[in-house]
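Reader: I should like a close look at a single part of this model. Please take one helix, describe its surroundings, and then place it beside other parts of the chain.

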Amino acid sequence: LFCRVDVIHLEPDTNNELKQSVEISKNQQGNLSETIIIYKLYRLPLIGKLFSLIKYIRLFQQQLRNYIAVCGKPDIVHVHVPIKAGILAWWLKSRYGLPYVVTEHWAIYNNTAVDAYPKRNFLFKYVTRKIIENASAFLPVSKNLGEAVQQMVAAVDFTVIPNVADTNFFNNDSSKATHETDFTFVHVSTLKYQKNPEGILRAFLKISHLYPKARLIVVGEHPEPLIAYAASIGINENNILFTGLKSYETVAAILQQCHAMVMFSRYENLPCVIIEALCCGLPVISTDVGGIPEMINDSNGILISNEDEDALNNAMQQLYTNFNNYNKTAIADNAENIYSYQTIGKRVTGIYDGIISKPAEKQ
């Protein structure tokens, strides 16, 4: 919305479906261009990961050189998640003197996550620290995350820039909002261990006994094991719907037809789906982990402890019976003022301008 953005993204072919070594696709829409490179992994024992990392770096360097040859040097580089793309930003700063900023979204800076930062090897920790220390600005998506990085990685200053929602889709459009006649909870996630969907199903089973018309919509990829689990614990199929993976626009339409969102994550950072639900005017029940308490308060939802299924059940009952106390318009308006593309775009561009205006030796 406020400047030209050229995205370059590399992704390994983890499913081993590529017929050639590298596949490149390009997209252009207004000020945004995307170059997406899919590449084959080396599937060698022991040294395969190392070779694949080297291939990633070389391919990325080649793409960056090509970009600079055609478009010239960019004003600034923006890294999303330090490892691995940050390695290339660090290289660009060393090679071309380009300043870079780092946005961190990752929920690994705790002791709970399976892939938690404290469990990582020395090289991962060293490179992460160097990338963050050499950035002109560090932009975690929550205060909780910024403080965790300060404690675990590097004592750098940070500016919180939260995640965003596209309010062209995620909004409280009265013509679309809450079409479900029966009270409907919704859960949107990857449906993996981190999200604890089984806990939500167990809590909802009790809710469905208390309120036979209550419904739960579960949105996420590969729901088959959860479908079997829901049946095994006795949830009536009329009370629950598993949609499978849905497009961005379809998720927005689903949220607008529901009454409240439920999240029961074991650990988190700043989930986009909560922001999207708030922009649709939905109150949110969620665990008080990561940066979530920075989003949820008494006016827009209920916070509970993770793994506490009794608390989840009580919160769902409370929201069901007191739903009319929540002001959907106020929830949506407040969320749009904080998380819209316009708001976040202006904030990020302001940071860019501040860095670019500095003399090179001070960046």
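Author: The account below begins with helix α8 and then turns to its surroundings, a helix pair and a hairpin. The model is a predicted one.

Helix α8 spans residues 272-279 and is mostly covered, with seven of its eight residues buried. These buried residues are Val273, Ile274, Ile275, Glu276, Ala277, Leu278 and Cys279. The list thus includes Glu276 beside residues such as Val273 and Leu278. Just after α8 comes glycine 281, which takes a positive phi of about 85°.

What covers the buried residues of α8 includes both strands and helices. Among the strands are β7 (184-188), β10 (260-262) and β11 (284-287). The helices included are α7 (248-256) and α10 (328-339).

The covering elements lead to the nonpolar core. The largest such core has 95 residues, and those with the most contacts inside it are Phe185, Val186 and Met261. For valine 186, neighbours within four places in sequence being left aside, the contacts are Leu216, Ile217, Val219, Ile254, Leu255, Cys258, Ala260, Met261, Val262 and Leu282. Met261 is therefore both a contact of valine 186 and one of the residues with the most contacts inside the core. Another core lies apart from that one; it has 10 residues, including Val101, Ile344, Ile351 and Ile355.Helix α10, part of the cover of α8, also packs against helix α11 (residues 341-356), at an angle of about 25° and with the two axes 5 Å apart. Because angles under 35 degrees count as roughly parallel, α10 is roughly parallel to α11. On the side of α10 the contact is made by Glu336, Asn337, Ile338 and Tyr339, and on the side of α11 by Tyr341, Thr343 and Ile344. By class, this contact of α10 with α11 has four nonpolar, two polar and one charged residues.

A hairpin elsewhere in the chain completes the account. Strand β2 (residues 22-29) and strand β3 (residues 32-39) run antiparallel and are joined by eight bridges. Isoleucine 24 stands opposite isoleucine 37 of β3. Two residues lie between the strands of this hairpin, and glycine 30 takes a positive phi near 60°.

Threonine 35 has its place in strand β3. Its relative accessibility is 11%, so threonine 35 counts as buried, the limit being under 20%. With neighbours within four places in sequence left aside, threonine 35 is in contact with Val7, Ile8, His9, Ile24, Ser25, Lys26 and Gln63.

Notes: Residues numbered from 1 in each chain as written. Predicted model: local features only at pLDDT ≥ 70, side-chain atom pairs only at ≥ 80, totals over all residues. Heavy atoms only, no water. Pairing = 2+ DSSP bridges. Helix = DSSP H or I, 4+ residues; strand = E, 2+ residues; numbered from the N terminus. Core = buried A, V, L, I, M, F, W, Y, C linked by side-chain atoms within 4.5 Å. Buried < 20%, exposed > 50% of the residue type's maximum accessible area, 1.4 Å probe, protein only. Contact = heavy atoms within 4.5 Å. Axes fitted to C-alpha atoms, helices over the stretch in contact; angles between N-to-C directions. Parallel < 35°, antiparallel > 145°, perpendicular 65-115°, else oblique. Nonpolar A, V, L, I, M, F, W, Y, C, P; charged D, E, K, R; others polar.
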